[in-house]
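This note collects comments on selected local features of the model, set out as numbered points. Please read them alongside the sequence and coordinates shown here.

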Amino acid sequence: MASMLSLIRGLNLSSTLSALTCLSCAYFTARYWAKLRASLCSNVPSRSFVTDGLVEFESDFLLGFKEDVIVQEAYFNKAYDIVTIIPLITGMCSYSISSLDVALQLLSAEGHRELLKDRDLNQVLTQWGENLFASNGDMWKRHRRVMAPAFSRKTYELVRKNALSIYEEMLESEGRAKKSKFTVDRCDEMTHRFAFLIIGRCGFGLPFQWNSKTPTSESGDCNALKPVDQTISGSEAALQPDVEVETIQEGLTTVMDRTNVILHFILPEWATWTWVENYMRKSAATRARELNEASHDDQDDSVTLGRQDVFTRLVSASEGLNKHSLTLSEVIGNTFLLMFAGHETTAMVLAETITLLALYQDEQEKAYQEIISVLNNNSDPSLEELEKLKYVLACFIEASRLYPPGPLLTRIMPEDVVVRIERPTPANVVLKKGSSVFIDMVSIHRNPHTFPDPDRFKPSRWADLPDHRYTTFGSGPRACVGRKFAQIEALALLSSVFRDWKVDVVLRDGETREEYEERVMGSAGMPGMTFGVTGEMKLQFTRRIPQP
């Protein structure tokens with residue numbers, strides 16, 4: 001028996017070694033073939049590398065093969081404007097772009113070239129319905145035609161008013177209004193709640209509250225959230241059937257959780273938060289009916305209803321456009337797009353801006369002096385006054401340069417497209433029809449050829465530049481439609497915070513500011529649906545003495 005077991009073990013070992021040998025031969029043969037294809041087929045005068053299908057290509061911070069000498073030289077050291085990605089065995093070549101000039105050549109010409117967004121990569125964003133971000137061609141033009149008017153001067157005024165109000169609510173609710181000093185353990189949690197309330201009020205027209213939970217009882221249990229405009233029976237929430245009453249505020253918080261977004265995409269419809277989607281559909285239908293009833297008056301419908309939120313304006317703009325109208329599903333899809341794009345992205349950049357200004361005290365002082373000069377301690381600045389805060393806005397843009405919330409823009413070439421490159425040598429190159437192009441926003445915005453001293457926080461890079469030069473919001477006809485919305489939101493919060501408080505980082509024992517920056521701000525990735533700092537941004541706020 002023992003000899004038989006030894007024979008079996010020997011056979012298993014021999015079989016295993018043979019299988020590994022075969023796999024190794026196949027692997028290296030495939031790599032050789034891919035590199036041969038690269039040398040024979042690549043039409044781009046740039047370095048090429050082969051992907052094994054094991055690494056998801058995303059950006060400087062996310063690439064898993066930095067140790068590759070070719071990639072290190074060509075891509076991370078920015079020696080080449082374009083890097084060609086060769087599939088292991090078969091398939092189209094792809095291109096990664098780390099040059100702002102090449103990216104602008106592509107994005108600025110999208111209007112007539114109609115570069116295509118990859119539907120497969122954007123499926124997670126269409127689970128609630130077709131929307132502006134993921135659509136192409138005529139569908140995108142129709143969505144843009146309806147979406148653009150929803151972001152009007154009246155919308156920005158609504159953002160200003162609510163942002164200032166939420167800031168005061170935050171101080172009162174957290175018991176900080178009368179304090180001379182307080183500490184925030186995670187700045188990103190504070191800004192996420194702030195941005196969520198902005199989207200709730202200005203995006204949906206729902207009166208969300210900062211202090212949404214009642215105080216904790218002695219048993220440690222928290223009572224339900226305060227009711228807001230509407231409540232929904234918990235029996236409609238498939239995952240929480242034991243909850244008797246679910247408020248829409250808590251429901252949207254649940255739906256917007258980064259993990260739940262993925263779960264909603266993966267799980268079958270009956271197993272996810274369909275009750276929230278049903279609520280939004282009923283709300284859209286109700287507002288459409290109210291708008292139709294109000295249309296007998298010769299007034300703007302949303303004004304008649306006393307509403308200026310984006311959701312109402314979307315429904316209003318969609319009504320009466322005939323063939324250009326959005327369907328109910330598309331209204332919902334664009335509304336949820338606004339929720340995700342306008343919530344997590346803005347929240348992350350706000351947290352990073354506040355933390356970077358806490359690190360760079362000289363830059364914080366410049367921002368503070370501008371705030372005092374323009375606002376003169378006014379706690380209710382007008383929209384026009386906020387728009388004069390050019391240096392404060394530059395701080396926000398610079399933070400989004402260092403940590404672009406949308407790290408990767410993907411396009412599929414509908415035809416052969418010629419672009420001009422400068423590195424390694426000036427040349428015209430052709431991006432082949434059907435190939436995918438990855439516009440790496442992290443690599444582009446840390447490219448020393450465009451941004452000298454790229455890893456340093458320098459808001460002055462953006463001073464006095466026109467809005468269309470703020471490339472962190474994209475460029476060309478498909479630039480972010482909510483750019484101004486985010487900017488006003490940021491200016492209102494940042495001007496209020498730095499008018500009232502001097503903010504500093506909280507160092508560990510024996511830690512220097514440089515070490516804090518490396519430990520906290522040097523840790524970046526995809527903590528949710530967007531790219532940003534993953535380190536713990538712990539800050540201390542000390543009340544300023546108002547200047548006379």
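1. In this predicted model, strands S8 and S9 form a hairpin, with five residues between them. S8 spans residues 417-421, runs antiparallel to S9 and is joined to S9 by five bridges. Within this pairing, Val 419 is the residue that stands opposite Val 429 of S9.

2. The two faces of S9 (residues 427-431) should be distinguished. Ala 427, Val 429 and Leu 431 make up the covered face, while Asn 428 and Val 430 lie on the uncovered one. In general, side chains in a regular strand alternate between the two faces of the sheet. Val 429, opposite Val 419, thus belongs to the covered set.

3. The loop between S8 and S9 contains Pro 424. The peptide bond that joins Arg 423 to Pro 424 is cis, with omega at about 10°. Most peptide bonds are trans, and most residues other than glycine have a negative phi.

4. A second backbone feature concerns phi. Asp 453 is not a glycine, yet has a positive phi of about 50°. Asp 453 is placed in the loop between H17 and H18. With a relative accessibility of 43%, Asp 453 counts as partly exposed.

5. The loop between helix H17 (441-445) and H18 also holds Arg 456. Arg 456 is partly exposed, at a relative accessible area of 34%. Leaving aside residues up to four places away in sequence, Arg 456 touches Tyr 360, Asp 362, Glu 398, Arg 401, Leu 402 and Arg 461. The C-alpha atoms of Arg 456 and Leu 356 are 10.0 Å apart, although their positions lie 100 residues apart in sequence, counted as a separation along the chain.

6. How do H16 and H18 cross? The axes of helix H16 (residues 390-402) and helix H18 (residues 483-500) come within 10 Å and cross at roughly 115°. The two helices are therefore roughly perpendicular to each other. Their crossing is right-handed. H16 contributes Val 392, Leu 393, Phe 396 and Ile 397 to the contact, and H18 contributes Ala 486, Gln 487, Ala 490, Leu 491 and Leu 494.

7. Which residues of helix H19 (residues 513-521) are buried? They are Tyr 516, Val 520 and Met 521. These residues lie on the same side of H19, because the arc they cover around the axis is only 85°. An α-helix has 3.6 residues a turn, so residues three or four places apart point the same way. On the other side of H19, Glu 514 and Glu 518 are exposed. The cover over the buried residues of H19 includes helix H13 (328-359) and strands S11 (501-505), S13 (532-533) and S14 (539-543).

8. Arg 119 lies in the loop between helix H4 (110-113) and helix H5 (137-147). Arg 119 is partly exposed, with a relative accessible area of 35%. Residues up to four places away in sequence not being counted, Arg 119 touches Thr 126, Glu 130, Ala 134, Ser 135 and Asn 136. Of Ala 134 it may be added that 15 residues along the chain separate this residue from Arg 119, while their C-alpha atoms are separated by 6.8 Å.

Technical notes:
Residues numbered from 1 in each chain as written. Predicted model: local features only at pLDDT ≥ 70, side-chain atom pairs only at ≥ 80, totals over all residues. Heavy atoms only, no water. Buried < 20%, exposed > 50% of the residue type's maximum accessible area, 1.4 Å probe, protein only. Helix = DSSP H or I, 4+ residues; strand = E, 2+ residues; numbered from the N terminus. Pairing = 2+ DSSP bridges. Arc of directions from axis to C-beta. Contact = heavy atoms within 4.5 Å. Axes fitted to C-alpha atoms, helices over the stretch in contact; angles between N-to-C directions. Parallel < 35°, antiparallel > 145°, perpendicular 65-115°, else oblique. Left-handed = near helix turned anticlockwise from the far one by under 90°.
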